[in-house]
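Colleague: I'm new to reading protein structures and would like to take one part slowly. Could you pick a serine in a loop, go through its surroundings, and then follow the trail outwards?

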Amino acid sequence: MRQIHVKRRIFVGGLMLAAMAGRLGNAATNSVVGKAEKIRGNVRRRQGGDEARLAVGGSVLDNDYVLTSTNSFADLALSETRILLGPQTELLIDSFIAEQGGTLELGLGRMVFDRPEGLSKVDVAVRTAFGMIGVRGTKFFCGPSRAAFAVFVERGAVSVEGGGVTRTVTAGQGVDFDRPGAAPSEPTNWGQARIRQAYASVGLP
């Protein structure tokens, strides 16, 4: 009987060590790429089967999904780049390397990408259900805005590709998508009311 008890303890201990090794392996593979600067409401980060609430100062890892709930906002710092998320938004940090760039995927909701002027440019691609946004050091909004999906550029320029069409959008301009798979509209200048409304949707005054 004692022998069975000892074997059981060895078996359970082995499982615990394996679980710890798995967590350590994930931590080693998925490096820290940023942190949460500001959080309002319920914001969570998910990776694989693990999900936890994201608090101010909490780390954001490569391959993290960051999810905001109703009436919730997140301000993330990926090195010098700020990513602001509005309510009911899901963002995958597919791959990101500080000062080099990477790929983000906006699954739901809206976001603002903001990299200050004067810093070295980084190559970032933002995937969405509506198309691909190519970025090089700029500030822009993307998400629903008087259309199914829209992209507005405050500073710099982005390329917006969808439906086999690529538009270059420069400062003060925006494009709209009617539906996933459609081509982006011709760039047009946005008025102040629409700009304020878009930024307010991610918590900016």
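**A serine in a loop and its surroundings**

Modeller: Let's go with Ser72, which is found in the loop between strand E5 (65-68) and strand E6. Keep in mind that this is a predicted model.

Start with how much of the serine can be reached from outside. Ser72 has a relative accessibility of 1%, and the cut-off for buried is under 20%, so Ser72 counts as buried. For the protein as a whole, buried residues make up 41% of the 205 residues.

What is around Ser72? Leave aside its neighbours within four places in sequence, and Ser72 is in contact with Arg40, Gly41, Asn42 and Val43, and also with Leu85, Gly86 and Pro87. Asn42 deserves a second look: the side chain of Ser72 reaches the backbone nitrogen of Asn42 at 2.8 Å.

Now move to Thr68, which is found in strand E5. Thr68 is buried as well, because its relative accessible area is 7%. Its side chain has two backbone partners to find on your screen. A polar atom of that side chain lies 2.6 Å from the backbone oxygen of Gly86, and the side chain also reaches the backbone nitrogen of Gln88 at 3.1 Å. Not counting residues up to four places away in sequence, Thr68 touches Asn42, Val43, Ala74, Leu85, Gly86, Pro87, Gln88 and Thr89. Gly86 makes a handy landmark here, since you can come to it from Ser72 or from Thr68.

Gln88 sits in the loop between strand E7 and strand E8 (90-97). Its backbone has something to check: Gln88 has a positive phi of about 50 degrees although it is not a glycine. That's worth a pause, because most residues other than glycine have a negative phi. Asn63 is another case, with a positive phi of about 75 degrees, and it isn't a glycine either. You'll find Asn63 in the loop between strand E4 (59-61) and E5. Asn63 counts as partly exposed because its relative accessibility is 31%.

Back to Ser72 for a jump along the chain. Val202 is 130 residues away in sequence, yet the two are 9.1 Å apart in space, C-alpha to C-alpha. Val202 takes us to the second largest pocket, as it is one of the lining residues there. Arg40, a contact of Ser72, is part of that lining too, and so is Ala74, which Thr68 touches.

So what does the pocket look like? Its volume is about 160 Å³. Strand E1 (32-40), strand E6 (73-78) and strand E7 (81-85) each supply at least two residues of the lining. Among the lining residues are Lys38, Ile39, Phe73, Asp75, Arg82 and Leu84, along with Gly203, Leu204 and Pro205. By type, the lining divides into seven nonpolar residues, one polar and four charged.

Finally, zoom out to the whole protein. There are two helices and 18 strands. Long-range links like the ones we followed can be counted too: among contacts between residues at least 6 apart in sequence, 42% join residues at least 24 apart. The accessible surface comes to about 10,700 Å², and 53% of it belongs to carbon and sulfur atoms.

Terms used:
Residues numbered from 1 in each chain as written. Predicted model: local features only at pLDDT ≥ 70, side-chain atom pairs only at ≥ 80, totals over all residues. Heavy atoms only, no water. Helix = DSSP H or I, 4+ residues; strand = E, 2+ residues; numbered from the N terminus. Buried < 20%, exposed > 50% of the residue type's maximum accessible area, 1.4 Å probe, protein only. Contact = heavy atoms within 4.5 Å. Areas by Shrake-Rupley, 256 points an atom, 1.4 Å probe, with all protein chains shown as cover. 1 Å grid on protein atoms, 1.4 Å probe; cavity = no way out; pocket = protein on both sides within 12 Å on 5 of 7 lines; lining within 4 Å. Points joined across faces, edges and corners; volume = space filled by probe spheres on them. Nonpolar A, V, L, I, M, F, W, Y, C, P; charged D, E, K, R; others polar. Polar contact = N/O pair within 3.5 Å; in protein donor to acceptor, adjacent residues only side chain to side chain.
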